[in-house]
Amino acid sequence: MNGRDSHDLAVRVRGLTRRFGERAVIDTLDLDIRKGEFVALIGASGCGKSTLLRILADLDHGITGEVRVPQRRAVAFQAPRLMPWKPVWRNVTLGLPGGDQRRRAEAALAEVGLSHRSDVWPKVLSGGEAQRTSLARALVRDPDLLLLDEPFGALDALTRIKAQHLVAELWQRRRCAVLLVTHDVEEALLLADRVLVMREGVIARSIPVTLERPRRLDNPVFAALRGELLDLLGVSDDVAGRRAA
Amino acid sequence: MTSGVATLSREAPSPTLGRAVPRLRAEAHPHASVTDAPELVLVQPEAEKRRGLPRPLRRAIGPVLLVAIWHVLSVTDVLSPTVLAGPATVLSSAASLWATGELQAAILASLGRAASGLAIGGTIGVTLAVISGLFRLGEDLIDSTMQMLRTVPNIALIPLFIIWLGIGEAPKVALIALATAFPLYLNVYAGIRNVDQTLVEAARTLGLSRPAMIRHVILPGALPNALVGLRYSLGVAWLALVFGEQVNATAGVGYLMNNAREFFQTDVIVVCLVVYALLGLIVDFIVRLLERVLLAWRPAFSGA
Ligand SMILES: Nc1ncnc2c1ncn2[C@@H]1O[C@H](COP(=O)(O)OP(=O)(O)OP(=O)(O)O)[C@@H](O)[C@H]1O
Ligand SMILES: [Mg+2]
């Protein structure tokens, strides 16, 4: 890598290894994410996606290899991880510098459709509401790298689409780099510039998605990519189709 | 609710009314038994479940019953006044102690001791707990020492305190301080160490500085345990107070009690015991109130 290239990067990972005991969950993994690039990461459950995300969030130091990430990062975890002792809006602005916190919290909560819940305790939120709060908490930070670990997992189909739009919109406005971990191949194809398939501790495949935005599910290229990804995940299209039906 | 369910099952013929259909099929099928049809259980709304006395009244039943039995035993002379004065006598001597101002003075003196002991002990306990909870170096230096010292019975230190501090207020306050420091230390320390690691991580990704982390994450997370510690501390503060006041006190509830012992006034002794109990109740009530206000966020089980 020469200097100019790495200047364009939001994430640069070389030879990253993470072991839990004898088992290397991440095994000499390389990864580049350009500034402003939207990358989706898919892979079987337990293959190490969250582990990789934690490392990029600077939360896991039991690693070998080189990892470079921007200073300003925001994370939405797989579980919402809200502080139970803070009302929803204070959770959103926790750690946020600058004044006018209430208004900024309200704005972020309005974006995820939760204005009416800003004063309640997290304990009364539904699973999806908690997840949207956690998403609002990440979005309000205006990061250079946004790390999302299955942030739409607990949402119903309609809210999910809204949340996807929200992330896409924010990304287009802010042009931050995004790493989105997801199990949903269609979601990955709708949102990402590039889909990474993780397997056996490395990025096994990196598939660019050059479709025009906004993307439509009925595009034939979309269907072809979807089939290819499902193949890579070891799911035959037939099974997936039946499941979806 | 009840009538609704009953009507549904009686109007069974319509196939859209679910449950009744398998039952009909079950009867038609020779292999299936009738027990295949699931029995419906009525979900009871809470409003219907709650019956009988309101809770504050229910809580009063035990104490009232106890006093009633005591009264009956006294008026029937089963309990002679030299063993234990009856409630009526106790009440009248409480009234006369109040009229002379002795009781108020004693209560104030005792409360003052308990409060200053608790303030000193609490400050020490909480400070040490925060240091050893937050820093591994602090833990190594403080925790083993505290764990060792806490096994020494406080009461056994009274003679030493008297030698060191004389027989005035100091040894009594010191005893209370010592007794209250440990429960607070143990619980605050455990509270800090029990704070959910995933929340600490989340806070770290939010860019919280170390002081902000302590203030917004660690201490609120330790608060439930800290309040448990406070409750224990208040309990032992009373205990230490009673013991401390047996030593050459010149004021306070314990002094009143010691005096009464000299003259076999079981009524005054009982007045003092009741005062201790009431003060304990009031303090407990205050802590409960604190818990309700400070822990409103907690999704905790509150008893069935
Ligand atoms: N702290 C840890 N100690 C031991 N093993 C761990 C630890 N954290 C993760 N693992 C293991 O590493 C593997 C990868 O975990 P990870 O959470 O990254 O999976 P994932 O790809 O995010 O899966 P999912 O899609 O189900 O969320 C799992 O087998 C998990 O058991
Ligand atoms: Mg995961």
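How far does a polar side-chain atom of S45(A) lie from an oxygen atom of ligand 1? The separation is 2.6 Å. Keep in mind as we go that this is a predicted model. With that said, the ligand is a good place to start our walk.

Besides S45(A), two further residues offer polar atoms to ligand 1. In G48(A) the partner is a backbone N or O atom, lying 3.0 Å from an oxygen atom of the ligand. In E150(A) the side chain takes part instead, with an N or O atom 3.5 Å from an oxygen atom of ligand 1. On its own, ligand 1 would expose 640 Å², and 60% of that is buried by the protein.

Now look at who stands around the ligand. The shell holds 14 residues, and those that come nearest are S45(A), G46(A), K49(A), S50(A) and T51(A). Sorted by character, the shell has seven polar residues, four nonpolar ones and three charged ones. Which element gives the largest share of this shell? That is α2(A), with three residues. Two elements of chain A give two or more residues each to the shell: β2 (23–34) and α2 (49–56).

Strand β2(A) leads us from the ligand into a sheet. Here three strands of chain A form an open, antiparallel sheet, in the order β2-β1-β4. Its edges are β2 and β4 (63–68) of chain A, each of which pairs on one side only. Ignoring direction, neighbouring strands in this sheet are turned by 5° against each other on average. If you zoom in on β1 (residues 9–20) and β2 of chain A, you will find eight bridges joining these antiparallel strands. For a landmark along this pair, pick R19(A), which stands opposite A24(A) in β2(A).

Let us finish in chain B, with a pair of helices. Two packed helices are described by the angle between their axes and the distance between the axes. The pair to view is α6 (residues 102–134) and α9 (residues 169–193) of chain B, whose axes come within 6 Å and cross at roughly 35°. What is the handedness of the crossing as α6(B) passes α9(B)? The crossing is right-handed. As for the residues in the contact of α6(B) with α9(B), 17 are nonpolar, eight are polar and four are charged.

How values were computed. Residues are numbered from 1 along each chain as its sequence is written. Chains are lettered from A and ligands numbered from 1 in the order in which they are written. This is a predicted model: local features need pLDDT of at least 70, side-chain atom pairs count only at pLDDT 80 or more; totals for chains, interfaces and linings use all residues. Side-chain values use heavy atoms; hydrogens and water are left out. Axes are lines fitted to C-alpha atoms, for helices over the stretch in contact, and angles run from 0 to 180 degrees between N-to-C directions. Helices (H or I, at least four residues) and strands (E, at least two) are DSSP runs, numbered from the N terminus. A crossing is left-handed if the near helix is turned anticlockwise from the far one by less than a right angle, and right-handed if clockwise. Ala, Val, Leu, Ile, Met, Phe, Trp, Tyr, Cys and Pro count as nonpolar, Asp, Glu, Lys and Arg as charged, and the others, Gly among them, as polar. A residue is near a molecule or strand if one of its heavy atoms lies within 4 Å of it. A polar contact is a pair of N or O atoms within 3.5 Å; within protein, one must be able to donate a hydrogen and the other to accept it, and residues adjacent in sequence count only if both atoms are side-chain atoms. Accessible areas come from the Shrake-Rupley method with a 1.4 Å probe; for residues, only the protein chains shown count as cover. Two strands pair if DSSP finds at least two bridges between them.
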